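Student: I would like to learn how to read strands and helices in a structure. Could we go through one together?
Tutor: Gladly, let us look at it first.
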Amino acid sequence: MIYLDAGTTYSKLITDSEIFSKEYLVEEKNKRFYYVLPSSIVKSMDIIPDSCCGHMSNSNENEIVALAKGAKKLGIAQNSTILDLGSRDAKWIKFKEGKFHDMDWNTSCASSTGATVEMLLKFYNVKADELKYNPEKFAVTCGIFGMEKIMDSISSGEKPSDAISKFVHGIAFNAWNFCKKPEKIYLSGGFCENKCLIDSLKEYCELELLGRFVLCEGLF
């Protein structure tokens, strides 16, 4: 049994056997193994999943459908907004009285999602845990202009970690607006592990973290 959410940078898998190194094992529960590992490793292996979604797979399941099914499996699809904020795109779905109500999926611009933050951290040699909530934010409607502001700010003497934190705050603000400013967001995806994003998003709404396996859970 293999259920695969193959993202641009990282892939998430739920299996019933130990097929990868323990360094990629996130948890084990109900006789299932939950892995997060670089998509490049998954792509190099001869893996035939039972069901899959994601940019780096031969998807047989729509990601919005997987997100909705995963939310239902977690018992939160009553009156809720679920946002999946990943490396390459952002998507959300809203339920009202247990039924689908609204959704959106931004696949046209990856400039203000996880991959950009990872590149900035590498370029400026900043660790993710150095990013702290900053009450100021950069407008990142366009990621290219957002990065220009980061570079200008750093050139003026600001610490790279502070400038990138403002960028992350801008991502949080955009995500909340993208979801139509809900009172509460259930957050899925890699940003669940980014404290700066979490603290920034909490400035705008109540937040509950779902982790990185919601889409995988929705595949079976």
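Student: How many bridges join strand S7 to S8?
Tutor: Seven, and the two strands run antiparallel. Keep in mind as we go that this is a predicted model. S7 covers residues 90-96, and one bridge pairs its Lys96 with Lys99 in S8.

Student: Which strands form the sheet, and in what order?
Tutor: Follow the sheet from one side to the other: you pass S8, S7, S6, S9 and S10. These five strands make an open sheet with mixed pairing. At its edges lie S8 (99-106) and S10 (206-211), each of which pairs on one side only. Ignoring direction, neighbouring strands are turned by 20 degrees against each other on average.

Student: Which helix packs on the sheet, and which strands are touched?
Tutor: Look for helix H2, residues 63-73. H2 touches S6 (80-85), S7, S8 and S9 (184-188). The direction of H2 makes about 45 degrees with that of S7.

Student: How are helices H3 and H5 turned against each other, roughly parallel or roughly antiparallel?
Tutor: Start from the angle between their directions. H3 (residues 114-123) and H5 (residues 160-178) pack at about 175 degrees, and their axes are 11 Å apart. Angles over 145 degrees count as roughly antiparallel, so H3 and H5 are roughly antiparallel to each other.

Student: Which residues meet where H3 and H5 pack?
Tutor: From H3 come Thr116, Val117, Leu120 and Leu121, and they meet Ile164, Phe167, Val168 and Ile171 of H5. Sorted by class, this contact has seven nonpolar residues, one polar residue and no charged ones.

Note on methods. Residues are numbered from 1 along each chain as its sequence is written. This is a predicted model: local features need pLDDT of at least 70, side-chain atom pairs count only at pLDDT 80 or more; totals for chains, interfaces and linings use all residues. Side-chain values use heavy atoms; hydrogens and water are left out. Two strands pair if DSSP finds at least two bridges between them. Helices (H or I, at least four residues) and strands (E, at least two) are DSSP runs, numbered from the N terminus. Axes are lines fitted to C-alpha atoms, for helices over the stretch in contact, and angles run from 0 to 180 degrees between N-to-C directions. Contact means heavy atoms within 4.5 Å. Angles under 35 degrees count as roughly parallel, over 145 as roughly antiparallel, 65 to 115 as roughly perpendicular and the rest as oblique. Ala, Val, Leu, Ile, Met, Phe, Trp, Tyr, Cys and Pro count as nonpolar, Asp, Glu, Lys and Arg as charged, and the others, Gly among them, as polar.
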